[in-house]
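Visitor: I have a model open and would like to go through it with you. Could we start with a detail of the backbone and work outwards from there?

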Amino acid sequence: FNQTWKNSELFWTRVIDQDFYNEIAHFNLGMHYKDQGNVNRAGLEFWHALAIHPKYHLALSGLGVYYFDKGQTELARLKFHAALNAFPDFDVASNNLGRVYVEQGKLQHALYFFYRATYLNPNNIRALTNIAVLYQRINKLDALEETAGVMIRRFPEAPEGFFRLGLCREAQGRF
């Protein structure tokens, strides 16, 4: 297959042509479509992957993102929970489930899943960012400052922790 590589769409389409029942190929083609902004095609490929392997955690999570992008947070929540049931240590699904709970206004649930994602993967900077954003939103500036400090210590090369710390200091009036 590497000899036919021209781009992701052609590659994964060729893999599927050779082996239609390859859930990984359908998932990866779905991710390609998602990255290209073709959400509906992405959702279709995630469904194909799940038809082949109903407990494939990556496809369940991909479908959760599809529903989240469509504004269907309850369906997204169900898919992210299904992904976690299939693979409990999946930090990306945990983080995304936190995002769903923020959208639904269930901020304590959101914090739980954001923290769970950082427990499962201490290098999940997106989950730490979501924690910081949520603390800023609910005006818990001490917790925001602590989270920004964790981000700076874990990821000194990334600007995100310094940015969050700056927002915290601004909100505290500490210019």
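Guide: Gladly, and please keep in mind throughout that this is a predicted model. A backbone detail to begin with is Gly105, which sits just after α6 and takes a positive phi of about 80°.

Visitor: OK, and α6 itself, how many residues does it have and how far does it reach?

Guide: Helix α6 has 13 residues and reaches 19 Å from its first C-alpha to its last, which is close to the 18 Å expected at 1.5 Å a residue.

Visitor: Is α6 mostly covered or mostly open?

Guide: Mostly covered, since 10 of the 13 residues of α6 are buried. Among them are the polar or charged-type names you may want to look at, Asp91, Ser94, Asn95 and Asn96, together with Leu97, Val100, Tyr101 and Val102.

Visitor: What does the covering?

Guide: The elements that cover the buried residues of α6 include α4, α5, α7 and α8.

Visitor: Then α7, what is buried there?

Guide: In α7 the buried residues are Ala110, Leu111, Phe113, Phe114, Ala117 and Thr118, and their cover includes α5 (73-86), α6 (91-103) and α8 (125-137). Helix α7 itself runs over residues 107-120, and its 14 residues reach 20 Å between the first and last C-alpha, close to the 20 Å expected at 1.5 Å a residue.

Visitor: Let me zoom out. How many helices and strands does the protein have?

Guide: There are 10 helices and zero strands, and within a C-alpha box of roughly 60 × 35 × 25 Å along the principal axes, buried residues account for 45% of the 175 residues. If you take the contacts between residues at least 6 apart in sequence, 41% of them join residues at least 24 apart.

Visitor: And the surface, how much is exposed?

Guide: The protein exposes about 9,900 Å², and carbon and sulfur atoms supply 52% of that area.

Visitor: Switching to electrostatics: how far apart are the mean positions of the positive and negative charges?

Guide: The mean positions of the 19 positive and 17 negative charges are 3 Å apart.

Visitor: How many salt bridges does the count come to?

Guide: The count comes to four salt bridges. One of them joins Arg77 to Glu74, with the closest N and O atoms 2.5 Å apart, and these two residues are three apart in helix α5, so they are separated by about one helical turn.

Visitor: Is Arg77 buried or exposed?

Guide: Arg77 counts as buried, at 18% relative accessibility, where the cut-off for buried is under 20%. Its partner Glu74 is partly exposed, with a relative accessible area of 38%.

Visitor: Which residues are linked in a network of salt bridges?

Guide: Glu145, Arg169 and Arg174 are linked in such a network. Arg169 forms a salt bridge with Glu145, the closest N and O atoms being 3.1 Å apart; Arg169 lies in helix α10 (residues 160-172) and Glu145 in helix α9 (residues 141-154), so this pair ties together parts that are 24 residues apart in sequence. Arg174 also bridges to Glu145, with the closest N and O atoms at 3.4 Å, and because Arg174 lies in the segment after α10, that pair ties together parts 29 residues apart in sequence.

Visitor: How accessible are those three?

Guide: Each counts as partly exposed: Glu145 at 21% relative accessibility, Arg169 at 28% and Arg174 with a relative accessible area of 44%.

Visitor: Which buried residue has no salt bridge, despite a charge?

Guide: Lys79 is buried without a salt bridge, and the nearest side chain of opposite charge, Glu74, is 11 Å away. Lys79 is placed in helix α5, and leaving aside residues up to four places away in sequence, Lys79 touches Trp47, Leu60, Leu63, Gly64 and Tyr67.

Visitor: Last one: where is Tyr56?

Guide: Tyr56 is in the loop between α3 (39-52) and α4 (57-69), and Tyr56 is buried, with a relative accessible area of 9%. Beyond residues up to four places away in sequence, Tyr56 touches Glu23, Ile24, Phe27, Ala49 and Leu50, while the C-alpha atoms of Tyr56 and Ala83, 27 residues apart along the chain, are separated by 7.5 Å.

Terms used: Residues numbered from 1 in each chain as written. Predicted model: local features only at pLDDT ≥ 70, side-chain atom pairs only at ≥ 80, totals over all residues. Heavy atoms only, no water. Helix = DSSP H or I, 4+ residues; strand = E, 2+ residues; numbered from the N terminus. Buried < 20%, exposed > 50% of the residue type's maximum accessible area, 1.4 Å probe, protein only. Contact = heavy atoms within 4.5 Å. Areas by Shrake-Rupley, 256 points an atom, 1.4 Å probe, with all protein chains shown as cover. Lys, Arg positive; Asp, Glu negative; His and termini not counted. Charge placed at Lys NZ, Arg CZ, Asp CG, Glu CD. Expected span 1.5 Å × (residues − 1).
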